[in-house]
Amino acid sequence: MPVDAAAESVIRTHDLRKTFTGRGGAVEAVKGVDLDVKAGEIFGFLGPNGAGKTTTLRMLATLIPPTSGDATLAGVDLLRNPARVRERIGYVAQGGGSDPLMTGRGELVIQARLFGMSRKQAEARATEVLAALGLTEAARRTTGTYSGGMRRRLDIGMGMVHQPKLLFLDEPTTGLDPQARANLWDEVRKLRNNGTTVFLTTHYLEEADILCDRVAIIDHGTIVAE
């Protein structure tokens with residue numbers, strides 16, 4: 001899908017940095033990252049372990065504060081109003097976040113309620129998401145009975161149930177078999193086609209090649225190619 005250069009920037013960062021301080025001294029994990037992610041694209045963020053990609057993603061998702069730099073997400077200043085940023089984004093972590101004792105429907109309803117929906121709205125939205133992700137038949141089963149691919153689809157559902165403008169996916173297909181990965185790629189494309197901007201990290205070059213409109217490669221805390 002061609003990216004419109006004039007499209008709205010959903011993520012824009014300038015000189016974004018993160019330094020961690022420990023017993024061994026200060027470590028600059030992210031060293032001045034500049035990004036410009038357009039509305040309606042799938043943007044891939046690649047790099048080896050320890051390169052700074054997850055640290056960058058966690059800053060953008062408001063999970064850790066930047067040491068310095070500027071960032072705007074979905075029209076909101078990250079440093080000045082992180083709570084409002086959280087209202088406009090979805091985040092799916094590597095390990096997922098579903099409770100094995102909860103049903104798939106229950107997880108989605110709770111997530112929707114956390115973002116301010118009424119019970120009726122949350123139930124209706126959960127039904128939509130379950131259908132979109134092919135999980136309707138498993139909706140009343142506990143997530144501990146789900147396959148790996150089903151759990152990852154539910155994770156994405158939990159990240160998108162409140163209809164965010166921007167969805168972060170941190171290595172969404174790690175550990176999945178080839179068929180489950182291909183099915184998940186289809187779901188990510190549907191999100192983009194429905195207007196959600198997707199920012200994903202991945203170790204798989206073929207995943208980035210198949211899914212992403214653009215990619216940036218980070219190494220030693222610096223973007224080395226885009």
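**Close-up views of a predicted model**

**View 1. The side chains of E41 and R214 are joined by a polar contact of 2.8 Å.** The model shown here and in the views below is predicted. E41 belongs to the loop that runs between β2 (25-38) and β3 (42-46). Its relative accessible area is 1%, and E41 is therefore classed as buried, the cut-off being under 20%. The contact to R214 thus involves a buried residue of a loop, since E41 has a relative accessible area of 1%.

**View 2. Helix α5 is mostly covered, with 11 of its 13 residues buried.** The buried residues are G149, M150, R152, R153, L154, D155, I156, G157, M158, G159 and M160. They pack against two strands and three helices, namely β6, β7 (166-170), α3 (104-114), α4 and α6. The length of α5 agrees with expectation, because 13 residues at 1.5 Å a residue should span 18 Å and the end C-alpha atoms lie 19 Å apart. An α-helix has 3.6 residues a turn, so residues three or four places apart point the same way.

**View 3. The side chain of R152 reaches backbone oxygens of A93 and P172.** R152 is located in helix α5 and counts as buried because its relative accessibility is 7%, under the cut-off of 20%. Which backbone oxygens does the side chain of R152 approach, and at what separations? The backbone oxygen of P172 is reached at 2.9 Å, and that of A93 lies 3.2 Å from a polar atom of the R152 side chain. Beyond its neighbours within four places in sequence, R152 is in contact with V92, A93, Q94, G95 and G96. Its other contacts, again apart from those neighbours, are D170, E171, P172, L176 and L184.

**View 4. The largest pocket holds about 270 Å³ of space.** Its lining is made up of 17 residues. Those nearest the centre of the pocket are G90, Y91, V92, Q111 and G159. Which elements each supply at least two residues of this lining? They are β6 (89-92) and α5 (148-160), and β6 provides the largest share, with 4 residues. By character, the lining comprises 8 nonpolar, 7 polar and 2 charged residues. G159, one of the residues nearest the centre, is also among the buried residues of α5.

**View 5. The second largest pocket has a volume of about 180 Å³.** The residues that line this pocket are R125, A132, L133, M160, Q163, P164, E187, K190, L191, N194 and T196. Helices α4 (119-132) and α6 (178-193) each contribute at least two of them. The largest share, 3 residues, belongs to α6. The lining divides into 5 nonpolar, 3 polar and 3 charged residues. M160, a member of the lining, is one of the buried residues of α5.

**View 6. F168 is a buried residue of strand β7.** Is F168 buried or exposed? It counts as buried, because its relative accessibility is 0%. Setting aside neighbours within four places in sequence, F168 is in contact with I89, G90, Y91 and V92, and these positions fall within the range of β6 (89-92). Under the same exclusion of neighbours, its contacts also include I11, L57, L60, A61, L73 and F199. G24 provides a point of reference along the chain: F168 and G24 are 144 residues apart in sequence and 31 Å apart in space, C-alpha to C-alpha.

**View 7. T62 and Q163 each have a positive phi without being glycine.** Most residues other than glycine have a negative phi. For T62 the phi is about 70°, and for Q163 it is about 55°. T62 is found in the loop between α1 (53-60) and β4 (68-73), whereas Q163 lies in the loop that links α5 and β7. Their accessibilities fall on opposite sides of the cut-offs: T62 is buried because its relative accessible area of 14% is under 20%, while Q163 is exposed because its 56% is over 50%. Q163 also appears in View 5, where it takes part in the lining of the second largest pocket.

Terms used. Residues are numbered from 1 along each chain as its sequence is written. This is a predicted model: local features need pLDDT of at least 70, side-chain atom pairs count only at pLDDT 80 or more; totals for chains, interfaces and linings use all residues. Side-chain values use heavy atoms; hydrogens and water are left out. On a 1 Å grid over the protein atoms alone, a cavity is a set of points where a 1.4 Å probe fits but cannot get out, and a pocket is an open set with protein on both sides within 12 Å along at least five of seven lines; lining residues have an atom within 4 Å of a point. Grid points are joined across faces, edges and corners, and a volume is the space filled by probe spheres set on the points. Ala, Val, Leu, Ile, Met, Phe, Trp, Tyr, Cys and Pro count as nonpolar, Asp, Glu, Lys and Arg as charged, and the others, Gly among them, as polar. Buried means under 20% relative accessible area, exposed over 50%, partly exposed in between (1.4 Å probe, protein chains only). A polar contact is a pair of N or O atoms within 3.5 Å; within protein, one must be able to donate a hydrogen and the other to accept it, and residues adjacent in sequence count only if both atoms are side-chain atoms. Contact means heavy atoms within 4.5 Å. The expected span of a helix is 1.5 Å times one less than its number of residues.
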